[in-house]
Amino acid sequence: MGARTSGSLAREALSIWVLTRVAVMTAAFAGLWMVADTNARDVPSFLGWWDRWDTHLFLDVAKYGYGGYASHTTDTHLEAFFPGEPLLMRVAHLLTASWVGGALLISAIAGAFAMLAMSRLGALEGGQLAGSRAVLYLTLSPYAVFLAAGYSESLFLAFALPSWLAARRERWLAAGLLAGGAALVRIDGLFLAVALAVQWLTSRNRRAGPELFALFTPVVATAGYFAYLHHVTGDWLAWNHAQQQGWGRHLTLPWHSFHTSWSAAFSPSQGTAYEWSFRAEILALAVGVVVTVVLVVMRRFGEAVYVGLQVVALGCSSYYLSISRSTLLWFPLWLLFARWSVPRQWLHRGYLAVAPALMLVGVITFTSGRWVG
């Protein structure tokens with residue numbers, strides 16, 4: 001790829017990112033004013049709309065740490081949240097003097113870096129058009145609100161996508177170190193580590209050496225976080241126990257998880273937002289299974305492992321939770337779809353006919369304090 005082509009691709013990716021962020025913020029502002037059940041003088045501040053769900057929990061970690069909630073906040077089980085996002089929130093707060101504003105700034109900047117890497121990965125798959133479309137499809141995902149909110153998806157992708165791009169170029173030292181950064185943001189960094197190991201094993205020019213040991217960086221980073229939690233709480237399994245006690249999540253047989261989620265998705269007494277979400281979770285898991293199988297058939301084993309391990313972990317949870325949101329992290333899905341859409345314009349037009357509307361609904365739902373996923 002020439003310098004001129006690379007520069008054009010980067011400008012295209014950044015313009016898509018910026019314009020879709022404008023769309024998200026416009027939808028949040030205009031949409032919430034239309035659905036706010038109050039007088040105009042009582043509408044919350046714009047930043048207040050974004051202090052929802054996990055954002056609030058990340059901010060609690062940033063403000064008080066993992067051992068401070070007992071005296072400072074009613075939120076518990078904060079050990080479930082990895083330290084990468086809260087640490088940057090502390091830094092961003094120094095620059096913005098606003099906790100929520102700093103969180104939004106992190107997602108905006110991290111997302112820009114992530115989309116640059118996504119566009120380059122897409123270009124490797126099917127040329128410049130595929131690279132641009134991979135960015136467009138991801139940023140218009142029905143769950144793209146989580147790329148704008150103070151959640152960890154954008155920051156994780158800012159490490160994971162350049163890591164995978166480095167692995168595709170067989171720059172294993174950079175791939176491992178970047179994956180280590182991803183592992184400080186989410187548990188999914190471990191899945192990325194296994195995928196990188198498979199990618200190394202299936203590469204043509206693999207060599208054992210210092211670069212190989214860099215691929216263990218995500219494991220070291222995750223172990224370091226667990227060791228820190230043990231120091232704070234006295235529990236080596238504090239992260240796992242926080243998941244169990246805070247959200248009722250534990251490993252179970254996949255058919256038990258499916259039955260629980262299916263019952264919740266089609267229960268007449270279920271709240272409408274939660275029923276919609278559970279149905280979306282089931283659909284997302286099915287998409288993950290299909291993508292994993294397709295990647296195996298295509299002999300793209302590293303990517304198959306990355307998506308497949310997440311599908312197994314989420315599909316064997318006590319019930320389906322945040323699988324739809326996890327599709328944002330399944331970059332092979334967006335790369336495949338972008339590549340397939342280039343010769344099939346009906347796929348491109350169909351996606352653009354449906355996805356943006358669902359994305360706007362997700363933004364309004366999230367900022368109004370209702371459950372999205």
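A residue counts as buried when its relative accessible area is under 20%. In this predicted model, that cut-off describes helix 3 (residues 54-64) well: 8 of its 11 residues are buried, so the helix is largely enclosed by the rest of the structure. The buried positions are Asp54, Thr55, Leu57, Phe58, Leu59, Asp60, Val61 and Ala62. They pack against several other helices, namely helix 5 (84-96), helix 6 (99-126), helix 14 (238-247), helix 18 (323-326) and helix 20 (345-367). Just after helix 3 comes Gly65, which takes a positive phi of about 80 degrees.

Helix 6, one of the partners of helix 3, also leads to the nonpolar interior. The largest nonpolar core has 112 residues, and Trp50, Met118 and Tyr306 are those with the most contacts inside it. Helix 6 gives the most to this core, contributing 12 residues. With neighbours within four places in sequence left aside, Met118 is in contact with Ala134, Val135, Leu138, Leu161, Phe331, Trp334 and Leu335.

Met118 also takes part in the packing of helix 6 on helix 19. Two packed helices are described by the angle between their axes and the distance between the axes. The axes of helix 6 and helix 19 (residues 331-341) come within 9 Å and cross at roughly 50 degrees, which makes helix 6 oblique to helix 19. The crossing is right-handed. On the helix 6 side the contact is made by Met118, Leu121, Gly122 and Glu125, and on the helix 19 side by Phe331, Trp334, Leu335 and Arg339. By class, these residues are 5 nonpolar, 1 polar and 2 charged.

A second helix pair is formed by helix 15 (residues 254-265) and helix 16 (residues 272-297), whose axes come within 8 Å and cross at roughly 140 degrees. Angles over 145 degrees would count as roughly antiparallel; helix 15 and helix 16 are therefore oblique to each other. Helix 15 passes helix 16 in a left-handed crossing. Here Phe258, Ser261, Trp262, Ala264 and Ala265 of helix 15 meet Glu275, Phe278, Arg279 and Ile282 of helix 16. The contact divides into 6 nonpolar, 1 polar and 2 charged residues.

The last site is a single residue, Gln199, in helix 11 (residues 188-201). Gln199 has a relative accessible area of 17%, and because the cut-off is 20%, Gln199 is buried. Apart from neighbours within four places in sequence, Gln199 is in contact with Trp164, Ala167, Arg168, Trp172 and Gly302.

Conventions. Residues numbered from 1 in each chain as written. Predicted model: local features only at pLDDT ≥ 70, side-chain atom pairs only at ≥ 80, totals over all residues. Heavy atoms only, no water. Buried < 20%, exposed > 50% of the residue type's maximum accessible area, 1.4 Å probe, protein only. Helix = DSSP H or I, 4+ residues; strand = E, 2+ residues; numbered from the N terminus. Contact = heavy atoms within 4.5 Å. Axes fitted to C-alpha atoms, helices over the stretch in contact; angles between N-to-C directions. Parallel < 35°, antiparallel > 145°, perpendicular 65-115°, else oblique. Left-handed = near helix turned anticlockwise from the far one by under 90°. Nonpolar A, V, L, I, M, F, W, Y, C, P; charged D, E, K, R; others polar. Core = buried A, V, L, I, M, F, W, Y, C linked by side-chain atoms within 4.5 Å.
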